[in-house]
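Reader: I'm a first-year student and I'd like to look closely at one small part of this structure. Please pick a spot, walk me through it slowly, and then show me how it fits with the rest.

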Amino acid sequence: MARRPERRLRDPVLGTTRPYDAGELSTHDFWSGLLNGQLTAPPGSALLDALRSTDADMWTHTDEAVVQVLQAAHATGLRMVLLSNAPHPLADALDRTTWCNTLISKTLYSARLGVNKPDPRTYEAALMAAGWPHPDNTLFVDDRLENCAAAAQLGMQTLLFRGSSQTLATRLPQLVPAAGVRRN
């Protein structure tokens with residue numbers, strides 16, 4: 001699981017990422033717009049590559065305590081699906097991580113879905129990918145209140161996650177072996 005970037009780096013950018021995360025903007029268009037014309041980042045430039053790489057590194061840095069919790073949950077047979085508001089470069093980077101390849105049954109990204117959380121279609125896609133017909137047997141974990149609220153409206157259990165691996169470790173076992181939860 002990725003650690004949240006520092007607020008001072010994240011907040012100025014976060015409000016501008018929705019079209020990029022949904023796959024509506026290319027990497028070039030996103031970063032050029034964010035740079036407000038002060039710097040240029042032509043397609044294929046070293047600057048554009050550096051921005052894309054730094055962004056992916058920031059979001060894919062893992063918290064080993066959280067990974068250990070996910071490993072323990074995976075060992076019980078709990079099926080986990082990753083649903084992330086992520087642009088194409090970040091989605092590709094996450095899919096290359098060891099933890100994603102070994103612990104996550106299915107990955108769903110806003111750029112590939114064409115829609116961001118908290119749109120209900122994202123949660124419906126995740127439920128379908130998980131094979132769980134009953135949302136009440138599903139725990140949705142997210143660091144944004146509005147995303148948890150939208151998942152709860154569909155009947156899912158939610159956990160507003162702000163980095164506490166102990167809280168996550170407490171909530172995941174409640175689903176094993178809950179009725180209706182499919183194992184891998």
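Author: Let's start at Pro118, which lies in the loop between α8 (110–113) and α9. Helices here are DSSP runs of H or I with at least four residues, strands are DSSP runs of E with at least two, and the numbering starts from the N terminus. The peptide bond from Lys117 to Pro118 is cis, and its omega is near 15 degrees.

Before we go on, a word about what you're looking at. This is a predicted model, in which local features need pLDDT of at least 70 and side-chain atom pairs count only at pLDDT 80 or more, while totals for chains, interfaces and linings use all residues. Residues are numbered from 1 along each chain as its sequence is written, and side-chain values use heavy atoms, with hydrogens and water left out.

Now, who touches Pro118? One residue that does is Asn147, whose contacts also take in Lys117, Tyr123, Phe140 and Asp142, if you skip residues up to four places away in sequence. (A contact means heavy atoms within 4.5 Å.) Asn147 sits in helix α10 and is buried, with a relative accessible area of 2%. Buried means under 20% relative accessible area, exposed means over 50%, and partly exposed is in between, using a 1.4 Å probe and protein chains only.

Two of those partners, Tyr123 and Phe140, deserve a stop of their own. They make up the one aromatic pair in the structure. Their ring centres are 5.2 Å apart and their planes meet at 80 degrees, so the pair is edge-to-face. The rule is that rings of Phe, Tyr and Trp (its six-membered ring) pair if their centres lie within 6.5 Å; planes under 30 degrees apart are stacked, over 60 edge-to-face, and the rest tilted. Tyr123 belongs to helix α9 (residues 120–130) and Phe140 to strand β3 (residues 139–142), so this pair links distant parts of the chain, 17 residues apart. Tyr123 and Phe140 are both buried.

Back to α10 (residues 145–153), where Asn147 has buried company: Cys148, Ala150 and Ala151. These buried residues cover an arc of only 160 degrees around the axis, which puts them on the same side of α10. (That arc is taken from the directions from the helix axis to the C-beta atoms.) What do the buried residues of α10 pack against? Their partners are α9, β3 and β4 (157–160). Over on the other side of α10, Leu145 and Gln153 are exposed. Just after the helix comes Gly155, with a positive phi of about 95 degrees.

Phe140 turns up again in a core of twelve residues, where Ala126, Leu127 and Met156 are also among the members. A nonpolar core is a set of buried Ala, Val, Leu, Ile, Met, Phe, Trp, Tyr and Cys residues joined through side-chain atoms within 4.5 Å. This one is separate from the largest core, which has 22 residues; there, Leu70, Met80, Leu82, Trp99, Tyr109, Leu168 and Leu172 touch the most other members. The elements giving two or more residues to that largest core are α5 (64–75), α6 (88–95) and α7 (98–103). Helix α5 provides the largest share, five residues.

Met80 and Leu82 also lead us to Lys106, which is in contact with them and with Val81 and Ala129, leaving aside neighbours within four places in sequence. Lys106 is in strand β2 (residues 106–109) and counts as partly exposed at 40% relative accessibility. Its C-alpha atom is 4.9 Å from that of Val81, though the two are 25 residues apart along the chain.

Let's zoom out. The chain has eleven helices and four strands. Of its 184 residues, 42% count as buried. Among contacts between residues at least 6 apart in sequence, 57% join residues at least 24 apart.

Finally, how confident is the predictor? The mean pLDDT is 79, and 74% of the residues reach 70 or more; pLDDT is the predictor's confidence in each residue, from 0 to 100. Over residues 2–12 it is below 50, and beyond near neighbours in sequence that stretch has 18 contacts in the model. Residues 177–184 are below 50 as well, with 20 contacts counted beyond near neighbours in sequence.

Methods:
The arc is that of the directions from the helix axis to the C-beta atoms.
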